[in-house]
Amino acid sequence: MTAVVRLAGVAKSFGAAQALADIDLDLHPGEVVAVVGDNGAGKSTLAGVLTGVHLPDAGQVRVDGDAVTLTSPAAARALGIAGVQQELALAENLDVVENLFLGHEPRIGPFLDEVTMERQAWELLDRLGARVPSVRLPVHALSGGQRRAVAIARVLLGDPRVVVLDEPTAALGVRQTAQVLKLIGRLRAGDHAVVLISHSITDVQAVADRIVVLRLGHVVGEFDATTATSEDLLAAITGAGPVSGISARRSRP
C-alpha cells in the first residue's frame, strides 16, 4: 500500500538537545499507528513535525511521494494533515457549532448560515458516532470525551487524510476513554491514516494496528499490535531488558 505520508531520516533538535534522530515512518490510509514512549522520548516533537509545528533539521517529509516542507499547521492542513493537541484549544464559552466553524462560518449574504452549520455539525458528530445532548450547548457543559469529539470533528471539516492525535485520552475516565477509542476506530473506518500519540499501553493495544516505540528520540521498535505483548512494549520503552517481536523494517524513499 502506498504511504500517504512518509518520514525519512527526520531529525530535530532544540539547541543542544536532540529530540528526534533518523526517524523513518510510513502512514497508510485506514491504519492507526500508535507512537509510544516515556517522557522525553520525542513523541510530541514527532507530532509537531507531522502537523507543521516544528520544521525538521534534517531528513524528508513526503506526501504522496513528493517531498514537501511543512512550514506551519496551515501548510500541513493544506496537504491533508491535521492535528488535535492534548490541549484542545476549544472556546469554552462558545457552543459546539460555534467552535466547529470558528473563523470559517458559511454565510448567506451578510448573515451566518446557521441552518447549514447545525446540519453539518450533527453530520460530523454522527460520522464519529459521538453523542452530545445539543450542538447548541456551550463546550464547558460537555464531558471530557464529548469535548475530544468536538475537537476531532473540527479538524474533519477540512477533510484531512491524516489525523494526528496527541494524548487524546489523557485525564479521561474509563467511560470517556472508551468513547474516544471508539472515535479513533471510526476515523480508521473512514479511511483516514491516524497517528495516536499515547502513554497508555492499554489504550494503544485496544485500537492500534501498528505500534512504534520511541526512546530518547530514536525509533527502537515497531510492532504488530495484534501480536505485541505489554512486556514487549515496556521492554522497548524502558530499555530494561531483551525485547522480542520487534520489526527492524526501515522505509526510505
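# Close-up views of a predicted model

**Figure 1. The whole protein chain, shown as a predicted model.** The protein chain has eight helices and twelve strands. Along its principal axes, the C-alpha trace spans about 60 × 40 × 35 Å. A compact globule with 253 residues would have a radius of gyration near 18 Å, and the value for the protein chain, 18 Å, agrees with this. Of these 253 residues, 48% count as buried, while the accessible surface comes to about 11,600 Å², of which 53% belongs to carbon and sulfur atoms. Among the contacts between residues at least 6 apart in sequence, 64% join residues at least 24 apart. The protein chain carries 23 positive and 28 negative charges, and the mean positions of these two groups are 0 Å apart.

**Figure 2. A salt bridge between strands β1 and β2.** The structure holds eleven salt bridges, and one of them joins the side chains of Arg6 and Asp26, with a distance of 2.9 Å from N to O. Arg6 belongs to strand β1 (residues 5-14) and Asp26 to strand β2 (residues 17-27), so that the pair links distant parts of the chain, 20 residues apart. The two partners can also be described by how much of each is accessible: Arg6 counts as partly exposed because its relative accessibility is 23%, whereas Asp26, at 6%, counts as buried, because buried means under 20%.

**Figure 3. Lys12 and Leu55, with the loop between α1 and β4.** Lys12 forms a salt bridge with Asp57, and their closest N and O atoms are 3.7 Å apart. This pair again links distant parts of the chain, with Lys12 in strand β1 and Asp57 in the loop between α1 (43-50) and β4 (58-63), 45 residues apart. Lys12 has a relative accessible area of 11% and is therefore buried. Leu55 is placed in the loop between α1 and β4, and with a relative accessible area of 43% Leu55 is partly exposed. Leaving aside residues up to four places away in sequence, Leu55 touches Lys12, Thr69, Leu70 and Thr71. Leu55 and Gly83 are 28 residues apart in sequence, and their C-alpha atoms are 15 Å apart in space.

**Figure 4. The salt bridge of Glu114 and Arg136, and the network around this pair.** The side chains of Glu114 and Arg136 meet in a salt bridge, with 2.4 Å from N to O. Glu114 lies in helix α4 (residues 114-127), whereas Arg136 lies in the loop between α4 and α5 (144-156), so the pair ties together parts that are 22 residues apart in sequence. Both residues count as partly exposed, Glu114 at 36% relative accessibility and Arg136 at 30%. Salt bridges that share partners join Asp95, Glu114, Glu118 and Arg136 into one network.

**Figure 5. Asn99, a buried residue of helix α3.** Asn99 is placed in helix α3, which covers residues 96-101. The relative accessibility of Asn99 is 1%, and because buried means under 20%, Asn99 counts as buried. When residues up to four places away in sequence are not counted, Asn99 touches Leu90, Ala91, Leu94, Val139, Val150 and Arg154.

Definitions and conventions: Residues numbered from 1 in each chain as written. Predicted model: local features only at pLDDT ≥ 70, side-chain atom pairs only at ≥ 80, totals over all residues. Heavy atoms only, no water. Helix = DSSP H or I, 4+ residues; strand = E, 2+ residues; numbered from the N terminus. Buried < 20%, exposed > 50% of the residue type's maximum accessible area, 1.4 Å probe, protein only. Contact = heavy atoms within 4.5 Å. Salt bridge = Lys/Arg side-chain N within 4 Å of Asp/Glu carboxyl O. Rg over C-alpha atoms; globule rule 2.2 N^0.38 Å. Areas by Shrake-Rupley, 256 points an atom, 1.4 Å probe, with all protein chains shown as cover. Lys, Arg positive; Asp, Glu negative; His and termini not counted. Charge placed at Lys NZ, Arg CZ, Asp CG, Glu CD.
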